[in-house]
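Biologist: I'm new to reading structures, and I'd like a close look at a single part of this one. Could you pick out one strand and walk me through what it pairs with, what it touches and how its charged side chains are placed?

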Amino acid sequence: MKTLPVQVQEYSRSPTFDEDTVPEALRKDHQTKAGVWGVITVLSGTLRYRIKPTGFETTLTPGKPGIVEPEVLHSVEPIGPVSFYVAFHR
């Protein structure tokens with residue numbers, strides 16, 4: 001998984017989602033716009049993170065965030081109870 005470039009700065013943050021409130025759009029393949037990076041931060045529980053083009057899959061937990069590259073298809077899936085948010089950087 002890539003690392004967040006040092007020159008980008010957070011400009012927006014999603015609400016905190018749980019296994020019941022995670023939008024269906026996040027469960028399906030989707031992407032950020034050009035130049036927009038995301039950081040998926042799990043506050044509690046576990047979240048499966050998939051990166052479509054590479055087939056990469058990992059489990060995100062507190063202390064193990066997921067980095068979303070610009071324009072790369074990805075999806076998430078709660079694994080039981082979870083609480084997380086996405087911070088957007090450019």
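Modeller: Happy to, and let's take strand β6, residues 74-89. Keep in mind as we go that this is a predicted model.

Let's get our bearings before zooming in. The protein chain has one helix and six strands, and from the N terminus on they come in the order β-β-α-β-β-β-β. The radius of gyration is 12 Å, close to the 12 Å that the globule rule gives for 90 residues, so the chain is as compact as a globular protein of that length. Measure out the C-alpha trace along its principal axes and you get about 35 × 25 × 20 Å. Of the 90 residues, 37% are buried.

Now for the partners of β6. Start with β3, residues 37-51, which runs antiparallel to β6 and is joined to it by 13 bridges. If you want a spot to click on, V39 sits opposite A87 of β6. Next comes β1, residues 10-13, also antiparallel to β6, with three bridges between them. There, S12 faces F88 in β6. Then there is β2, residues 17-18, which pairs with β6 in the antiparallel sense over two bridges. Look for F17 here, because its bridge partner in β6 is F84.

A good residue for seeing what surrounds the strand is V82, which lies in β6. Its relative accessibility is 3%, and anything under 20% counts as buried, so V82 is buried. What does V82 touch, once you leave aside its neighbours within four places in sequence? The list is F17, D18, E19, V42, S44, G45, T46 and L47. F17 and D18 are the residues of β2, while V42, S44, G45, T46 and L47 fall within the 37-51 range of β3. For a sense of distance, V82 and R13 are 69 residues apart in sequence and 17 Å apart in space, C-alpha to C-alpha. Across the protein chain, 77% of the contacts with a separation of 6 or more are between residues 24 or more positions apart.

On to the charges. Side chains of opposite charge can pair when their charged atoms come close. On β6, the one to find is E77, whose side chain meets that of R48 in a salt bridge, 3.3 Å from N to O. That pair links distant parts of the chain, as R48 is in strand β3 and E77 in strand β6, 29 residues apart. R48 has another partner too: E57, with the closest N and O atoms 3.2 Å apart. Put together, R48, R50, E57 and E77 are linked in a network of salt bridges.

Are the residues around R48 buried or exposed? Neither, really: R48 is partly exposed at 22% relative accessible area, E77 counts as partly exposed at 28%, and E57 falls in that class at 44%.

The structure holds six salt bridges. Away from β6, one of them is between K52 and D29, with the closest N and O atoms 3.3 Å apart. K52 lies in the loop between β3 and β4, and D29 in the loop between α1 and β3, so this pair ties together parts that are 23 residues apart in sequence.

Note on methods
Residues numbered from 1 in each chain as written. Predicted model: local features only at pLDDT ≥ 70, side-chain atom pairs only at ≥ 80, totals over all residues. Heavy atoms only, no water. Helix = DSSP H or I, 4+ residues; strand = E, 2+ residues; numbered from the N terminus. Salt bridge = Lys/Arg side-chain N within 4 Å of Asp/Glu carboxyl O. Buried < 20%, exposed > 50% of the residue type's maximum accessible area, 1.4 Å probe, protein only. Contact = heavy atoms within 4.5 Å. Rg over C-alpha atoms; globule rule 2.2 N^0.38 Å.
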